[in-house]
Amino acid sequence: MSTSTLRSSPVARAGARDALPFAAAGFMVAISFGISARSAGMPGLAAIAMSAFVYAGAAQFAAVAILGQGGSVLAAVLAAMLMNARYLAMGVAIGPSLKGGRVRRALEGQAVVDASWALANQGDGRFSRHILFGSSAPQYVTWLSGTVVGVLAGSVLPDPEALGIDVVFPAFFLALLVGELKDREAGAVAIAGIVIAVVLGLLAPAGIGILAASVVAFAGLRARRPDAEAGA
Amino acid sequence: MSAAEKAWLTVALCTVTTFLIRAFGPIAVGGRAFGARTSRVLALLPAALLAALVITETVIQDGELDVDARLAGVAFAGVLLWRGASVIWVVVGAAAFTALLRLVF
């Protein structure tokens, strides 16, 4: 679907071009994901399958990080789901711009990742399908191929910790976190999340602290204050 | 369950849940948005989760506080971010800095 769209639409080609910086960065991040997944004890093929079928960087990193800490499958999957929860809102926003019946729209929605969604956003509540597909295609290719490269590299590295591979996860999460700190409320939520994660990280089974920290997001249910709106 | 079985089960479940989450918006609503408060909670979730992941991956090991070169490496990542570095240089720089510390000390 994406390839025929690419051939037929100049708009999709423009979207692919705009996505190249994201695709290049995604390639490098995918390499670090593959290496980290191997050093967290994940079979290489499972890591590659994850990139092929899940195609959601933050969720994949979160799930593998929890497994690497010795957390349960349930904790890992729940963390990935919570990390992906933003796609609910993004999918609702882009929904009216997609075409066809339910099945086709569900499939078209799979092209949504952070960068493709943002590039496709026309700013007036409408989204360009062609830019969505065109920009998602190169990102998918580099995400998958980068994971393969990382898995192969991770399999031959004698001592990943000597190369600092274990800081790839937290450094990547920190980079994403900084992008989320758009206002004071987000900063307060992050600090509360840190406190909960540390306390429960020491007291509860692995992964529980991370899941529990997500509860502080419900601070968003509070009545909006004018200054919070202005900061957003 | 072995580590490999856990990994494969996680991949399978993440595949299904991620598909459903991505499919939800396009099929469930005819353009009707979430309420402002629900949207706000969804928008705040990544900040809470990412902060929890950063700290857990930085100072906790096997359920105990463990301060080592990782903390310095992540702090270095923070400096790189503050200097406006792109995500890939942040990741590579933090790993290199941590590796250097481990080599020296």
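Trainee: Which residues does Ala48(B) touch, not counting residues up to four places away in sequence?
Mentor: Ala48(B) touches Val189(A), Ala190(A), Gly193(A), Ala213(A), Ser214(A), Val216(A) and Ala217(A). Two residues are in contact if their C-beta atoms, placed from the backbone, lie within 7 Å. This is a predicted model, where local features need pLDDT of at least 70 and side-chain atom pairs count only at pLDDT 80 or more, while totals for chains, interfaces and linings use all residues. Residues are numbered from 1 along each chain as its sequence is written, and chains are lettered from A and ligands numbered from 1 in the order in which they are written.

Trainee: How many residues of chain A are in contact with chain B, and which helix gives the most?
Mentor: 89 residues of chain A are in contact with 70 residues of chain B. On the chain A side, helix H10 (residues 168-180) gives the most, with 12 residues. Helices here are DSSP runs (H or I, at least four residues), numbered from the N terminus.

Trainee: How do you know that the length of H10(A) agrees with a helix?
Mentor: The expected span is 1.5 Å times one less than the number of residues. For the 13 residues of H10(A) that gives 18 Å, and the end C-alpha atoms are 19 Å apart, so the two agree.

Trainee: What makes H10(A) mostly covered?
Mentor: A residue is buried if 20 or more other C-beta atoms lie within 10 Å of its own, exposed if 12 or fewer, and partly exposed in between, with C-beta atoms placed from the backbone. In H10(A), 11 of the 13 residues are buried, including Phe172(A), Phe173(A) and Glu180(A). They pack against helices of both chains, among them H11 (184-203) of chain A and H3 (69-82) of chain B.

Trainee: Why are the buried residues of H3(B) said to be on the same side?
Mentor: The buried residues are Ala69(B), Arg70(B), Gly73(B), Val74(B), Phe76(B), Ala77(B), Leu80(B) and Leu81(B). They cover an arc of only 155° around the axis, so they are on the same side of H3(B). The arc is that of the directions from the helix axis to the C-beta atoms. What covers them includes H10 of chain A.

Trainee: How do you know where the largest nonpolar core lies?
Mentor: A nonpolar core is a set of buried Ala, Val, Leu, Ile, Met, Phe, Trp, Tyr and Cys residues joined through C-beta atoms within 7 Å. The largest has 118 residues, and Ala48(B) is one of those with the most contacts inside it. H2(B) gives the largest share, 14 residues. Domain 1 (2-160) and domain 2 (181-232) of chain A both give residues to this core, so it lies between them. The domain bounds come from an automatic or database domain assignment.

Technical notes. Helices (H or I, at least four residues) and strands (E, at least two) are DSSP runs, numbered from the N terminus.
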